[in-house]
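The following exercises ask the reader to work through the architecture of a single chain. Each task is followed by a solution in steps.

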Amino acid sequence: VSVERAVEEILGRCMSPILAQSVRRRAQRAIQVPEGALRLSDLPRLQGELAAGVRLFAEPNAQRQALDAVSALAKGSDEPASSPRPAEKIRVELAAEADVVQARSHARALAERLGGDAFAIQRVATAASELARNAVLYAGGGVIEFSPSRPPQRGVWILARDAGPGIGNLDHILSGKYKSRTGLGRGLLGVKRLARSFDVTTGSNGTRIEVEIAL
Ligand SMILES: Nc1ncnc2c1ncn2[C@@H]1O[C@H](COP(=O)(O)OP(=O)(O)OP(=O)(O)O)[C@@H](O)[C@H]1O
Ligand SMILES: [Mg+2]
């Protein structure tokens, strides 16, 4: 379920579905997040805006409950990976090219251990090394983590984080018009194409890329 639907579901416990949708939409517009792009990490900001709509439309005794439920949803915000995920999490610190090689081989080993076929293993290894190399080259280093996808999905989940300058022209890069350094169709767009899900948060404080590769 999208975060949008989850918020509406909560609001819907104390108002009609139509109102729940309009309260959610209005609040989301107020925090300037486009439709379809709401993330758990936006919820703390969204909450303040939702409160007005909840006060307007919900019964007084249901208001607190609805707002508390949104808070609970927001609590998961800094760890979307925290929903039951097998403990096996591998973390590689990225400072130099040698760490990219390490990241790639850990990723490959995990995909193998999870029973991926040769193509799937290759996809995981490629995504890992592209993200790790970008962090080293453009952000002065970072961290990459791998863990099994949350069952019943079969896959490898990858989180790459850095405190670099951010990716200024992300939309352009993902549009396909950007000519990557190697021009081999790898890079970020290549990773996106390999992935079941692909999520980038980037800004002047750094970049966070969360990817899931199906096995
Ligand atoms: N973690 C990052 N931090 C800052 N900028 C980044 C980061 N990752 C990518 N970029 C920027 O985005 C651009 C596109 O990255 P992408 O990986 O798609 O291509 P590339 O690295 O230029 O070429 P290739 O990956 O094919 O060698 C990079 O040139 C860089 O400017
Ligand atoms: Mg690259």
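Two residues are in contact when heavy atoms lie within 4.5 Å. Axes are lines fitted to C-alpha atoms, for helices over the stretch in contact, and angles run from 0 to 180 degrees between N-to-C directions. Helices (H or I, at least four residues) and strands (E, at least two) are DSSP runs, numbered from the N terminus. The model is predicted: local features need pLDDT of at least 70, side-chain atom pairs count only at pLDDT 80 or more, and totals for chains, interfaces and linings use all residues. Residues are numbered from 1 along each chain as its sequence is written, chains are lettered from A and ligands numbered from 1 in the order in which they are written, and side-chain values use heavy atoms, with hydrogens and water left out.

**Exercise 1. List the secondary structure elements of the chain in order and describe its overall extent.**

Step 1. The chain holds eight helices and five strands. Read from the N terminus, their order is α-α-α-α-β-α-α-β-β-α-α-β-β.

Step 2. The C-alpha trace spans about 60 × 35 × 25 Å along its principal axes.

Step 3. Of the 215 residues, 43% are buried, where buried means under 20% relative accessible area, exposed over 50%, and partly exposed in between (1.4 Å probe, protein chains only).

Step 4. Among contacts with a separation of 6 or more, 62% join residues 24 or more positions apart.

**Exercise 2. Determine the strand order of the sheet and identify which strands stand at its edges.**

Step 1. Two strands are taken to pair if DSSP finds at least two bridges between them. On this basis, β1 and β2 (residues 142-148) are antiparallel and share five bridges; E93 has V143 in β2 as its bridge partner.

Step 2. Strand β3 (residues 155-162) runs antiparallel to β5, with eight bridges joining them. Here W157 stands opposite E212 in β5.

Step 3. Seven bridges link β4 (residues 197-203) to β5, again in the antiparallel sense. V200 is the bridge partner of I209 in β5, and the two strands form a hairpin with two residues between them.

Step 4. The result is an open sheet of five strands with antiparallel pairing, in the order β1-β2-β3-β5-β4. Strands β1 (90-94) and β4 are at the edges; each has a single partner strand, so one side of each lacks a neighbour in the sheet. From one strand to the next, the twist averages 10°.

Step 5. Strand β5 (residues 206-214) is mostly covered, with seven of its nine residues buried.

**Exercise 3. Establish which strands helices α5 and α6 lie across, and at what angles they run.**

Step 1. Helix α5 (residues 97-113) lies across β1, β2 and β3, and runs at about 165° to β1.

Step 2. Helix α6 (residues 118-139) lies across β1, β2, β3 and β5, and its angle to β3 is about 5°.

**Exercise 4. Characterise the settings of Q32 and R55: is each buried or exposed?**

Step 1. Q32 is placed in the loop between α2 (17-30) and α3 (43-57). Although not a glycine, Q32 has a positive phi of about 60°.

Step 2. With a relative accessible area of 70%, Q32 is exposed.

Step 3. R55 belongs to helix α3 and counts as exposed at 51% relative accessibility.

Step 4. Leaving aside neighbours within four places in sequence, R55 is in contact with Q63 and L67. The C-alpha atoms of R55 and V23 are separated by 11 Å, the two residues being 32 apart along the chain.
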